[in-house]
Amino acid sequence: VQAVTDNKNRTVAAIRKIFQSHGGTLGEAGSVMWMFETKGVIRLPLPKKQELRDDIELVAIDRGAEDIIVEGDELVISAPPKELQPVKDALTDVPVAVGNVSIELVPKSRLAVEGTKEQEQLGALLEALINQDDVQSVYANADLPT
């Protein structure tokens, strides 16, 4: 959870309460950072034509992209943060609409969440965190079914 606040004690208390009310606990600041890597991430609509997708992948890899995956109806390209702009700029050579471009914390590995109760509990926790006024970003290593 990344938050921006003018009152750290109030925000920590609010986030702690959210975790507790959803069956979790709040760890120390940075206690789970080892599970994530900072990456530049570009999301764009999944091209319908395989040929266009191949072109996008080749250009992105040539400019420094490390990973390209399909998430639902999006093509997600990840790169080291310093390579994000060159990869984005290279995509203008392949006529494609670049969607969201951001720096994110990407999990090093994912954990499958199984069981309807656990999925609902985690979903409610993530939603409550996202809806907290001071929270800017929420990252998780959970692999939830879509």
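This is a guided tour of the model you have open, stop by stop.

**Before you click**

You're looking at a predicted model, where local features need pLDDT of at least 70, side-chain atom pairs count only at pLDDT 80 or more, and totals for chains, interfaces and linings use all residues. Residues are numbered from 1 along each chain as its sequence is written, and side-chain values use heavy atoms, with hydrogens and water left out.

**Stop 1: the whole chain**

Start with a cartoon view. You should find 4 helices and 8 strands; helices (H or I, at least four residues) and strands (E, at least two) are DSSP runs, numbered from the N terminus. Trace the chain and the pattern reads β-α-β-α-β-β-α-β-β-α-β-β. Along the principal axes, the C-alpha atoms fill a box of roughly 50 × 35 × 25 Å.

Switch on a surface next. The accessible surface is about 9,600 Å², and 50% of it belongs to carbon and sulfur atoms (Shrake-Rupley method, 1.4 Å probe; for residues, only the protein chains shown count as cover). Of the 146 residues, 28% are buried. Here buried means under 20% relative accessible area, exposed means over 50%, and partly exposed is in between (1.4 Å probe, protein chains only). If you like contact maps: of the contacts with a separation of 6 or more, 70% are between residues 24 or more positions apart, a contact being heavy atoms within 4.5 Å.

**Stop 2: the largest core**

Select Ile42, Leu44, Ile56, Ala60, Ile77, Val87 and Leu91. In the largest nonpolar core, which has 14 residues, these touch the most other members. A nonpolar core is a set of buried Ala, Val, Leu, Ile, Met, Phe, Trp, Tyr and Cys residues joined through side-chain atoms within 4.5 Å. At least two core residues come from each of strand S2 (36-45), helix H2 (50-62), strand S4 (74-79) and helix H3 (84-91).

Now centre on Ile42. What does Ile42 contact, leaving aside its neighbours within four places in sequence? The list includes Leu75, Ile77, Val87 and Leu91, along with Lys88 and Asn100.

**Stop 3: helix H2**

Stay here and show H2 alone. Its 13 residues should span 18 Å at 1.5 Å a residue, and the end C-alpha atoms are indeed 18 Å apart; the expected span is 1.5 Å times one less than the number of residues. Highlight Ile56, Glu57 and Ala60, which are buried. Look down the axis of H2: the buried residues fall within an arc of 95 degrees, so they line one face of the helix (the arc is that of the directions from the helix axis to the C-beta atoms). Their cover includes S2, S3, S4 and H3. Flip to the face turned away from the buried side for the exposed Glu51, Leu58 and Asp62. Just after H2, pick Gly64, with a positive phi of about 120 degrees.

**Stop 4: the S3–S4 hairpin**

Select strand S3, residues 67-71, together with S4. The two run antiparallel and are joined by 5 bridges; strands pair if DSSP finds at least two bridges between them. Click Asp67 and its bridge partner in S4 is Ser78. The hairpin leaves 2 residues between the strands, and Gly72 in the turn has a positive phi of about 65 degrees.

**Stop 5: the other core, with H1 and H4**

Apart from the largest core lies another one, of 10 residues, among them Phe19, Val113, Leu129 and Val135.

Select H4, residues 116-131. Its 16 residues reach 22 Å from first C-alpha to last, close to the 22 Å expected. Leu122, Leu125, Leu126 and Leu129 are buried in H4. These leucines cover an arc of only 95 degrees around the axis, which puts them on the same side of H4. They pack against helix H1 (8-21), strand S7 (135-137) and strand S8 (142-143). On the other side of H4, exposed residues include Lys117, Glu120 and Glu127.

Move on to H1 and highlight its buried residues, Thr11, Ile15, Ile18 and Phe19. Seen down the axis of H1, they fall within an arc of 100 degrees, so they line one face of the helix. That buried set packs against strand S1 (2-3), H4 and S7. Turned away from it are the exposed Asn9, Lys17, Gln20 and Ser21.

**Last stop: a long distance**

Pick Asp89, which sits in H3 and is partly exposed, with a relative accessible area of 39%. Draw a distance from its C-alpha to that of Gly24: 65 residues apart along the chain, the two atoms are separated by 42 Å.
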